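Biologist: I'm new to this one, so could you walk me through it, a piece at a time? I'll ask, you answer.

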Amino acid sequence: MPLTVVSASGHTWRLTQRIGSGSEGVVYAVDHARPLVAKLVPAPPDPAAYRRRVERLVRQRREPRAVRLLSGDTARAAWPMVGVRAGGPGPDGVDGYLMADMRRAHRPFAHLLSPQARPVHFPRATWATALAAGLSLARLLADLHEEGYVVGDLKPDNLWVGAHGAVGVADVDSWQFTDGGEVFAGRMGSPGYTAPERIGAPAGTAPDRAGDDFVLAVLVHELLMCGLHPFAGHPAAGAGYLSYDDNVLHGRCRLLDRTAVVLPRSAPPVDLLPRRLTALFRAAFGGVRPSAAAWAEALAAESEPARLRTCRRNPLHVHTAERPWCPWCDLAEHGADGYPAPAPGPPADGAAPYPKDVRSTKGRTVWQR
């Protein structure tokens, strides 16, 4: 039997197939003329507080701070449009909200990171596309911070990206924000995407902008280095690999110390990055952390046509003008071409799957081994 949800005003919507799930919520397609999906959260810690959070976000959608974030031809955030409830008003009911279906103009962010998924879902993508995605994400985060929002749980599974690099964000209901003097606490971090000062913090510790800025640097590094996490690699000192977070806590980062970790020869080289961005990464991981606005300024400069070169052998091999020869051709010799020439035939089409709310490495390169 199809699931039906109802708003406080009594309007109903019919939900169709289940298209995603995670640690907190389940996402369904909505039978509607507009491209909509519904997120239902079966067991929030405080149901009344969750309903109030959604109500405030729905109201903010019409306020100047959210209007600026949502302006433009492509959705930048899957903002709650209306609160809904499934299962009736009793204790067995489930709360949630309707939002725009990001699959209309985007694909999961992880598809652009993965050397395996990228040729299928982004067959014309180049390193310039990765730069554009990093720039779009940095500008989005800078705008969110300027308007008083903290994402807290920034990660690939909450992000979407278009064919030309425009980035959008989902799971708005987990952000931290203030409304009418009331603070709505946010969720903080996921494995591999948490700032070092936040790893192991007590439950309920509030996220902050600095934590978002750290994860932004991680995501930009993954974009520009074919999915390579900046803290990937086996500890060179002989200790066994435990996790990205363990490497983060111990400062094991190739950009900070080339001898700190061991990576396969197929990993993209450090000098693939322009010097300006390398300096920002080193500051983000071991110095004074740059803001999202600083990242946006640097990525915009490195995206200028004069700063890019295209390989004569493969038009998808785009690289920084600081590099005298093509790094992607070098990697192809080791069987790790990040941007292979497109195979003949039409590109893949159809709606992208809705990503899970929890981190997954399925279909992605895992560089620590």
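**A walk through the model**

Modeller: Let's start with helix H6, residues 209–224, in what is a predicted model. H6 has 16 residues, and the distance from its first C-alpha to its last is 22 Å, close to the 22 Å expected at 1.5 Å a residue.

Biologist: Is H6 largely enclosed or not, and how many of its 16 residues are buried?

Modeller: Buried here means under 20% relative accessible area. H6 is largely enclosed by the rest of the structure, because the residues that count as buried number 14 of the 16.

Biologist: What comes just after H6, and what is its phi?

Modeller: Look at the residue Cys226, just after the helix. Its phi is positive, at about 55°.

Biologist: How far apart should the ends of helix H5 be, and how far apart are its end C-alpha atoms?

Modeller: H5 covers residues 127–146, which makes 20 residues. At 1.5 Å a residue, H5 should span 28 Å. That agrees with the distance between its end C-alpha atoms, 29 Å.

Biologist: Which residues mark the two ends of H5?

Modeller: At the start, a side-chain oxygen of Thr126 comes to within 3.1 Å of the backbone nitrogen of Ala128. Just after the helix, the residue with a positive phi of about 95° is Gly148.

Biologist: How many residues of H5 are buried, and how many does it give to the largest nonpolar core?

Modeller: H5 is largely enclosed by the rest of the structure, since 16 of its 20 residues are buried. In soluble globular proteins, nonpolar side chains tend to be buried together. The largest nonpolar core here has 75 residues, and Phe285 and Trp295 have the most contacts inside it. The largest share of this core comes from H5, at 11 residues.

Biologist: Which residues does Trp295 touch, leaving aside its neighbours within four places in sequence?

Modeller: One of its contacts is Ala138, and H5 covers residues 127–146. Others among them are Leu216, Ala217 and Val220, and H6 covers residues 209–224. The rest of the list is Leu277, Leu280, Phe281, Ala284 and Pro290.

Biologist: Which sheet does H5 pack on, and at what angle to E9?

Modeller: There's an open sheet of three strands, ordered E7-E8-E9, with antiparallel pairing. Strand E7 (107–108) and strand E9 (167–169) are the edge strands, each pairing on one side only. H5 packs on this sheet and touches E8 and E9, and its direction makes with that of E9 an angle of about 40°.

Biologist: How is E7 joined to strand E8, and what is the bridge partner of Arg107?

Modeller: E7 and E8 (residues 159–161) run antiparallel, with two bridges between them. In E8, the partner of Arg107 is Val161.

Biologist: What is the order of strands in the closed barrel, and what is the average twist?

Modeller: The barrel has six strands with antiparallel pairing, in the order E1-E2-E3-E4-E6-E5. From one strand to the next, the twist averages 45°.

Biologist: Which strands does E4 pair with, and which residue stands opposite Leu36?

Modeller: Strand E3 (residues 26–30) pairs with E4 over four bridges, and a hairpin through five residues joins E3 to E4. E4 is also joined to E6 by six bridges, running antiparallel. Opposite Leu36, in E6, stands Ala100.

Biologist: Are the residues on the two sides of E4 buried or exposed?

Modeller: Leu36, Ala38 and Leu40 point one way from E4, while Val37, Lys39 and Val41 point the other way. E4 is mostly covered, with six of its six residues counted as buried. On both sides, then, the word is buried.

Biologist: Which helix lies across E4, E5 and E6, and at what angle to E6?

Modeller: That's helix H1, residues 47–60, lying across strand E4 (36–41), strand E5 (82–86) and strand E6 (94–100). H1 runs relative to E6 at about 20°.

Biologist: Is Ser174 buried or exposed, and which residues does it touch?

Modeller: Ser174 is in the loop between E9 and strand E10 (177–179), and it counts as buried because its relative accessibility is 7%. A polar atom of the Ser174 side chain lies 2.9 Å from the backbone oxygen of Asp171. Not counting residues up to four places away in sequence, Ser174 touches Arg53, Val151, Gly186 and Arg187.

Notes. Residues numbered from 1 in each chain as written. Predicted model: local features only at pLDDT ≥ 70, side-chain atom pairs only at ≥ 80, totals over all residues. Heavy atoms only, no water. Expected span 1.5 Å × (residues − 1). Buried < 20%, exposed > 50% of the residue type's maximum accessible area, 1.4 Å probe, protein only. Polar contact = N/O pair within 3.5 Å; in protein donor to acceptor, adjacent residues only side chain to side chain. Pairing = 2+ DSSP bridges. Contact = heavy atoms within 4.5 Å. Axes fitted to C-alpha atoms, helices over the stretch in contact; angles between N-to-C directions. Core = buried A, V, L, I, M, F, W, Y, C linked by side-chain atoms within 4.5 Å.
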